[in-house]
Amino acid sequence: MKVYSKQAQTNNQNMTAQPSVYILGFGAIGSLLGVHLQKYGGTKVTPLFRSLGRLSDFKTNDYEVSIKPLYDSSLEILTERFPDASCPENFKGKIDNLIVTCKTYQTADALRPFLPYLDNNSNIIMIQNGLGVSEVLKEQVFNGGDLKPNLFQGVIAHGIFQDSEIKNQYNHAGFVDCKISKLPENDNDIIETFADLEALKQNELIKMLNSLDRSLGVVHMTYQELLLGQLEKFLVNCCINSVTSIIDCMNGELANCAGPIFQSIIEEAINVFHTAYKPLFDYEDIYKGAKHGQLPKLNVAGRLNVTTMLENTMHVGCVVNGGNSSSMRQDVLNLRETEIDYINGYVVTLCKKFSLPESNAKVNRTIQELVKLRLKLNQTRKAGQ
Ligand SMILES: NC(=O)c1ccc[n+]([C@@H]2O[C@H](COP(=O)([O-])OP(=O)(O)OC[C@H]3O[C@@H](n4cnc5c(N)ncnc54)[C@H](OP(=O)(O)O)[C@@H]3O)[C@@H](O)[C@H]2O)c1
């Protein structure tokens with residue numbers, strides 16, 4: 001059983017006070033979580049904006065945000081007010097619980113101004129696509145002093161986007177789930193037992209997110225379960241997000257023609273994962289060696305192999321979501337930065353981290369470069385108009 005810091009386990013000494021959470025990155029996902037936590041979780045939510053200017057934009061809508069459940073027309077629009085919203089220039093207080101929902105590449109810069117308000121008992125959950133943010137935070141943000149907050153990870157499968165006309169309304173297009181887990185402190189010790197999981201249920205941040213089990217399908221699970229789901233979602237994103245951006249097409253248009261490129265992306269990434277996530281691929285032996293009922297059963301080899309992942313990507317990406325235009329393609333079309341360095345680019349990062357030959361990530365590096373090329377080309381064309 002892992003020994004978590006006392007606070008990571010029990011962080012609940014304010015049990016009688018209303019729990020409170022800050023949200024850094026109050027866009028689509030941040031607003032979805034904030035509105036649900038305040039309405040159904042009994043939690044006080046404080047959005048954190050990047051500047052006084054952005055805070056003042058928020059004030060023009062009377063600090064209100066609405067979520068329209070597009071996935072079910074019988075449900076009402078949810079609206080909540082967040083009058084204590086803040087920003088680095090006027091922030092006061094201490095951050096016990098923080099949800100980070102800015103884009104992956106924005107995280108380090110967004111977090112830095114709030115470091116003085118965190119301590120080693122603070123809980124921080126990153127709820128983002130892609131992989132690699134926790135490594136960046138450990139290397140670039142929590143690197144100097146003694147500050148080592150408790151880090152958690154969320155993998156959200158809901159789909160939500162800002163309304164094109166009503167700027168403080170977000171349209172909740174797809175209801176799926178949100179998986180959450182504590183991140184391991186040591187990369188070589190990633191296996192959590194059911195007893196570890198039970199101890200973490202007393203953590204204040206986990207408690208407040210668990211209160212959304214019905215309204216947002218939040219599920220608290222062991223890290224190995226989360227990681228397996230995260231890697232599966234990551235592989236789908238490595239194929240769908242980047243290829244639709246480069247080719248400039250709807251997801252469904254790739255259904256009959258993208259098999260070979262998807263296969264190359266997946267094959268290469270899984271090969272790198274075998275080194276980078278060795279304890280996950282060794283899980284069957286670990287499971288067999290553990291006492292009965294101590295660990296969840298997981299079919300890692302059955303789920304994380306090229307054939308299954310190729311079928312899964314085609315089905316989830318091109319059939320179930322065939323009518324979608326991927327978020328990365330939307331970013332490229334709207335001339336915004338993409339999260340490519342934390343999607344296909346993360347396979348390249350892993351090769352460096354584990355001293356694998358550069359050629360082990362040549363397909364994913366080329367895809368990463370082509371997405372950057374497509375964005376630059378679109379920006380250059382726009383500038384020339
Ligand atoms: N939307 C979805 O359906 C969906 C689904 C699954 C996963 N995800 C993932 O969830 C994450 C968030 O996506 P999203 O769609 O919610 O993005 P988003 O709507 O762009 O929201 C990101 C927010 O972060 C804010 N931000 C950026 N830099 C900041 C800073 N320095 N300080 C404070 N706030 C800052 C942005 O505000 P500014 O306007 O000031 O830049 C923006 O409001 C991404 O990793 C995405 O891939 C999204």
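1. The buried residues of helix H16 are covered by elements that include helix H8 (223-247), helix H9 (259-276), helix H14 (327-333) and helix H15 (344-353). In this predicted model, the residues of H16 that count as buried are Val 363, Asn 364, Ile 367, Gln 368, Val 371, Arg 374 and Leu 375. Seen down the axis of H16, these buried residues fall within an arc of 150°, so they line one face of the helix. On the other side of H16, the exposed residues are Leu 373, Lys 376, Leu 377, Thr 380, Arg 381 and Ala 383.

2. The length of H16 can be checked against its residue count. Helix H16 runs over residues 362-383, and its 22 residues should span 32 Å at 1.5 Å a residue; the end C-alpha atoms are 31 Å apart, which agrees.

3. A UniProt annotation from an unreviewed entry, "domain: Ketopantoate reductase C-terminal", lists residues 228-373. Over residues 228-373 the chain is 66% helix and 0% strand, and the end C-alpha atoms of this stretch are 31 Å apart.

4. The companion annotation in UniProt, likewise from an unreviewed entry, is "domain: Ketopantoate reductase N-terminal", and it covers residues 21-184. That span is 22% helix and 30% strand, with its end C-alpha atoms 22 Å apart.

5. UniProt also lists residues 21-37 as "transmembrane region", again in an unreviewed entry. In the model, residues 21-37 are 59% helix and 24% strand, and the end C-alpha atoms of this stretch lie 9 Å apart. A colleague weighing this annotation may wish to keep in mind that the listed stretch contains both helix and strand here.

6. Strand S3 (residues 64-69) has pairings in both senses. With strand S4 (residues 78-81), S3 runs antiparallel and is joined by four bridges, and within this pairing Ser 66 stands opposite Thr 79 in S4. With strand S9 (residues 169-174), S3 pairs in the parallel sense over four bridges, and there Lys 68 stands opposite Asn 171 in S9.

7. How many of the residues of strand S10 (residues 178-182) are buried? Five of its five residues are buried, and the strand is accordingly described as mostly covered. Cys 178, Ile 180 and Lys 182 point one way from S10, whereas Lys 179 and Ser 181 point the other way, and all are buried. In a regular strand the side chains alternate between the two faces of the sheet. The two lysines of this strand, Lys 179 and Lys 182, are thus listed on opposite sides of S10, and both are buried.

8. The pairing of S10 is also of two kinds. Strand S7 (residues 150-156) runs antiparallel to S10 and is joined to it by five bridges, with Ile 156 having Cys 178 in S10 as its bridge partner. Strand S11 (residues 218-220) pairs with S10 in the parallel sense over three bridges, and the bridge partner of Ile 180 in S11 is His 220.

9. Two residues deserve a look at their backbone. Tyr 63 has a positive phi of about 60° although it is not a glycine, and Tyr 63 lies in the loop between helix H3 (52-60) and S3. With 16 other C-beta atoms within 10 Å, Tyr 63 is partly exposed. Asp 248 likewise has a positive phi, of about 65°, although it is not a glycine, and its place is in the loop between H8 and H9. Asp 248 is partly exposed, with 13 other C-beta atoms within 10 Å.

10. For the chain as a whole, there are 16 helices and 11 strands. The radius of gyration of the chain is 21 Å, close to the 21 Å that the globule rule gives for 385 residues, so the chain is as compact as a globular protein of that length. Taken along the principal axes, the C-alpha atoms fill a box of roughly 65 × 55 × 45 Å. Of the 385 residues, 39% count as buried. Among the contacts with a separation of 6 or more, 78% are accounted for by residues 24 or more positions apart.

Note on methods
Residues are numbered from 1 along each chain as its sequence is written. This is a predicted model: local features need pLDDT of at least 70, side-chain atom pairs count only at pLDDT 80 or more; totals for chains, interfaces and linings use all residues. Two strands pair if DSSP finds at least two bridges between them. UniProt positions are given in the numbering used here, feature names are shortened, and annotations may be inferred rather than shown by experiment. The expected span of a helix is 1.5 Å times one less than its number of residues. A residue is buried if 20 or more other C-beta atoms lie within 10 Å of its own, exposed if 12 or fewer, and partly exposed in between; C-beta atoms are placed from the backbone. The arc is that of the directions from the helix axis to the C-beta atoms. Two residues are in contact if their C-beta atoms, placed from the backbone, lie within 7 Å. The radius of gyration is taken over C-alpha atoms; the globule rule is 2.2 Å times the number of residues to the power 0.38.
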